[in-house]
Amino acid sequence: RSLRPPPPPPTSSSTTSESEQVSVPDIHIGAVIGKGGSKIRDLSSSSSCNISVSARTEMAADGNRVLTIRGPKAQRDWVKGVLAERVKESMKQQAAKQQQQQQQGGEAPQQQYPGYGRGPY
């Protein structure tokens, strides 16, 4: 959960909806979207911004997905801060997993797929 305060309410001078695009590495997109899109929906409703995520098939050559944020500037800035926090946390978790795997002998254990022997496939 984010410790950031909620976004400021829109003022009459900030109600103009413009959009910005933010790149997020595909490997961290789950931390941004959440299971079934729950995190991105919550972020959208709490910020009053419309947030869309590019499909994996539209991924940039650098492995990033593009999020388009539409809404007043103050809310867009708040959303970008929350997204940055989520990606940073995901990066920390990934680094910890990699370190743990290295300490356990290098390779991650293979998953067992019922009825198909040992994977990965």
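Contact here means heavy atoms within 4.5 Å. On that basis, among the contacts of the protein chain with a separation of 6 or more, 66% join residues 24 or more positions apart. The model on display is a predicted one, and the tour below proceeds from the whole chain to individual residues.

**The whole chain.** Colour the protein chain by secondary structure. Three helices and three strands should appear. Followed from the N terminus, these elements run in the order β-α-α-β-β-α. Next, colour by accessibility: the protein chain has 121 residues, and 28% of them count as buried.

**The helix pair H2 and H3.** Select residues 38-47, which form helix H2, together with residues 73-103, which form helix H3. The two helices pack with their axes 10 Å apart and at an angle of about 155 degrees. Because an angle over 145 degrees counts as roughly antiparallel, H2 is described as roughly antiparallel to H3. The crossing of H2 past H3 is right-handed.

Now display the side chains at this contact. On the H2 side, select Lys39, Ile40, Leu43, Ser46 and Ser47. They meet Gln75, Trp78, Val79, Val82, Leu83 and Arg86 of H3. By class, the residues of this contact comprise six nonpolar, three polar and two charged.

**Valine 82.** Remain on helix H3 and centre on valine 82, which belongs to that helix. Valine 82 has a relative accessibility of 2% and therefore counts as buried. Select valine 32 as well: the two valines are 50 residues apart in sequence, while their C-alpha atoms are 8.9 Å apart in space.

**The nonpolar core.** In soluble globular proteins, nonpolar side chains tend to be buried together. In this model, the largest nonpolar core has 15 residues. Select Ile51, Leu67 and Val79, the members with the most contacts inside that core. At least two core residues come from each of strand S1 (18-25), helix H1 (29-33), H2, strand S3 (64-71) and H3. H3 provides the largest share of the core, with five residues.

Which residues is isoleucine 51 in contact with, leaving aside its neighbours within four places in sequence? Its partners are Ile40, Leu43, Ser44, Leu67, Thr68, Ile69 and Val79.

**Serine 48.** Move to the loop between H2 and strand S2 (50-53), where serine 48 lies. Its phi angle is near 60 degrees, a positive value in a residue other than glycine. Serine 48 is exposed, because its relative accessible area of 54% lies over the 50% cut-off.

**Glutamate 20.** Select glutamate 20 in strand S1. Setting aside residues up to four places away in sequence, glutamate 20 touches Leu67, Thr68, Ile69, Arg76, Asp77 and Lys80. Add arginine 70 to the selection and draw the C-alpha to C-alpha distance from glutamate 20, which is 6.6 Å for a separation of 50 residues in sequence.

**Asparagine 64.** The last stop is asparagine 64, found in strand S3. Is asparagine 64 buried or exposed? With a relative accessibility of 16%, asparagine 64 counts as buried, because the cut-off for that class is under 20%. Beyond its neighbours within four places in sequence, asparagine 64 is in contact with Ser23, Val24, Pro25, Asp26 and Met59. Finally, select isoleucine 27: its C-alpha atom is separated by 8.4 Å from that of asparagine 64, the two residues being 37 residues apart along the chain.

Notes
Residues are numbered from 1 along each chain as its sequence is written. This is a predicted model: local features need pLDDT of at least 70, side-chain atom pairs count only at pLDDT 80 or more; totals for chains, interfaces and linings use all residues. Side-chain values use heavy atoms; hydrogens and water are left out. Axes are lines fitted to C-alpha atoms, for helices over the stretch in contact, and angles run from 0 to 180 degrees between N-to-C directions. Helices (H or I, at least four residues) and strands (E, at least two) are DSSP runs, numbered from the N terminus. Angles under 35 degrees count as roughly parallel, over 145 as roughly antiparallel, 65 to 115 as roughly perpendicular and the rest as oblique. A crossing is left-handed if the near helix is turned anticlockwise from the far one by less than a right angle, and right-handed if clockwise. Ala, Val, Leu, Ile, Met, Phe, Trp, Tyr, Cys and Pro count as nonpolar, Asp, Glu, Lys and Arg as charged, and the others, Gly among them, as polar. A nonpolar core is a set of buried Ala, Val, Leu, Ile, Met, Phe, Trp, Tyr and Cys residues joined through side-chain atoms within 4.5 Å. Buried means under 20% relative accessible area, exposed over 50%, partly exposed in between (1.4 Å probe, protein chains only).
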